[in-house]
Amino acid sequence: MKPEMNPNKILVFTGAGISAESGLQTFRDSDGLWNNFRVEDVATPEAWTIDPALVLQFYNDRRKEVFAAEPNAAHYAVAKLEEKYDVVVVTQNVDDLHERAGSTNVIHVHGQINYARSSSNDTLLYPLAEGAPIQLGDLCEEGSQLRPHIVWFGETIENYELTRKHIIAAGKVLVVGSSLQVFPAAGILKKARYNAEKIIVTQKLDHKPSGFKLLRGNATSLVSSVANDWLNGNRVF
Ligand code: APR
């Protein structure tokens, strides 16, 4: 039985583009991470087996950049929506910029850069303060090597069921800064209700999911404008 659609519930689905104006690289833009690194060298379980030091270094560098970054106007606009709406942020991003901007209900589907995890027991998580690195020889309480708490290609997405529950109840869905090329994360959007108000803010998008209106441009200006409309009780389109 599908739950009622709640007009006061907003699901915000974000990707690397919302953090780009905070200075963090995206993945598939011309200056993106996957133009400088091969996924198979740094972001798969096989990479971890072959060269764990290289994988640790890749994420230690990302973690330092996240620690040095600040939330931008788009993160703050998303947080401001909580003044009037029940907001759930589902993010593919592993940074903590939504939390630092004040969003109180953030669901990470690809992990979190500020946590280490036991490589033998997924339930053992360890917060990493101030961008601290994970080194070879850093062990969990069961004696296994610590790894980044990141969902690598080929691993199972986190919180999928929780995210599905939220999106089918959302009266508004706002997608920000994702190329929507990675599944099953991007597939979550297919669960959005037909009559929900559905908007995508991004600079470039190859395939727009049906039912969504596209606002092409920068997240900092466009998300602020969408949030203002919704906070004033107006539809965007
Ligand atoms: N404002 C709005 N959108 C932007 C901005 C900006 N300033 N800068 C870039 N974008 C858009 C790009 O046009 C693109 O559509 O953000 C999107 C970034 O796409 P990707 O780099 O593919 O990032 P993302 O969609 O988050 O990738 C999903 O892929 O590698 C995996 O696990 C990784 O979570 C990541 C997943």
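**Close-up views of a predicted model**

**View 1. Polar contacts hold the eye at the ligand.** A polar atom in the side chain of Trp-34 sits 2.8 Å from an oxygen atom of the ligand. The model is predicted. Ala-16 contributes through its backbone: a polar atom there is 2.8 Å from a ligand oxygen. Gln-203 uses its side chain, where an N or O atom lies 3.2 Å from a nitrogen atom of the ligand. How much of the ligand's own accessible area does the protein cover? Taken alone, the ligand has 740 Å² of accessible area, and the protein covers 95% of that.

**View 2. The shell around the ligand.** How many residues surround the ligand? The count is 23. Ala-16, Phe-27, Arg-28, Ser-178 and Ser-179 come closest. Sorted by class, the shell holds 12 polar, 7 nonpolar and 4 charged residues.

**View 3. The open sheet of 6 strands.** Read across the sheet, the strand order is E3-E2-E1-E7-E8-E9. The pairing is parallel. Why do E3 and E9 each have one side without a neighbour in the sheet? Strand E3 (106–108) and strand E9 (213–216) stand at the edges and have a single partner strand each, so one side of each is left without a neighbour in the sheet. From one strand to the next, the twist averages 20°.

**View 4. Strand pairs within the parallel sheet.** Follow the partners of E1. E1 and E7 are parallel and share 6 bridges. Look for Thr-14, which faces Val-176 in E7. E1 also pairs with E2 in the parallel sense, again over 6 bridges. Here Leu-11 is opposite Val-88 in E2. Now move on to E3. Strand E2 (residues 86–91) runs parallel to E3, and 3 bridges join the two. Val-90 marks this pair, standing opposite Ile-107 in E3. In general, the strands of a sheet pair through backbone hydrogen bonds, and the pairing can be parallel or antiparallel.

**View 5. Helices packed on the sheet.** Start again from the E2 and E3 pair, joined by 3 bridges. Helix H8 (residues 160–167) packs on the sheet. Which strands does H8 touch? Its contacts are with strand E1 (6–14), E2, E3 and strand E7 (170–176). The direction of H8 makes about 140° with that of E1. Then find helix H9 (residues 219–231), which lies across E1, E7, strand E8 (197–202) and E9. H9 runs at about 165° to E7.

**View 6. The open sheet of 3 strands.** The strand order here is E5-E4-E6, and the pairing is antiparallel. Which strands form the edges? They are strand E5 (125–127) and strand E6 (146–150), each paired on one side only. On average, neighbouring strands of this sheet are turned by 45° against each other, direction ignored. Strand E4 (residues 111–118) runs antiparallel to E5, with 3 bridges between them. In this pair, Arg-117 is opposite Leu-125 in E5.

**View 7. Two backbone details in loops.** Most peptide bonds are trans, and most residues other than glycine have a negative phi. Where is Pro-184 found? It belongs to the loop between E7 and E8. The peptide bond leading from Phe-183 to Pro-184 is cis, and its omega is near 10°. The second detail concerns Asn-159, in the loop between E6 and H8. Is its phi positive or negative? Phi of Asn-159 is near 60°, a positive value in a residue other than glycine.

Conventions
Residues are numbered from 1 along each chain as its sequence is written. This is a predicted model: local features need pLDDT of at least 70, side-chain atom pairs count only at pLDDT 80 or more; totals for chains, interfaces and linings use all residues. Side-chain values use heavy atoms; hydrogens and water are left out. Two strands pair if DSSP finds at least two bridges between them. Helices (H or I, at least four residues) and strands (E, at least two) are DSSP runs, numbered from the N terminus. Axes are lines fitted to C-alpha atoms, for helices over the stretch in contact, and angles run from 0 to 180 degrees between N-to-C directions. Contact means heavy atoms within 4.5 Å. A residue is near a molecule or strand if one of its heavy atoms lies within 4 Å of it. A polar contact is a pair of N or O atoms within 3.5 Å; within protein, one must be able to donate a hydrogen and the other to accept it, and residues adjacent in sequence count only if both atoms are side-chain atoms. Accessible areas come from the Shrake-Rupley method with a 1.4 Å probe; for residues, only the protein chains shown count as cover. Ala, Val, Leu, Ile, Met, Phe, Trp, Tyr, Cys and Pro count as nonpolar, Asp, Glu, Lys and Arg as charged, and the others, Gly among them, as polar.
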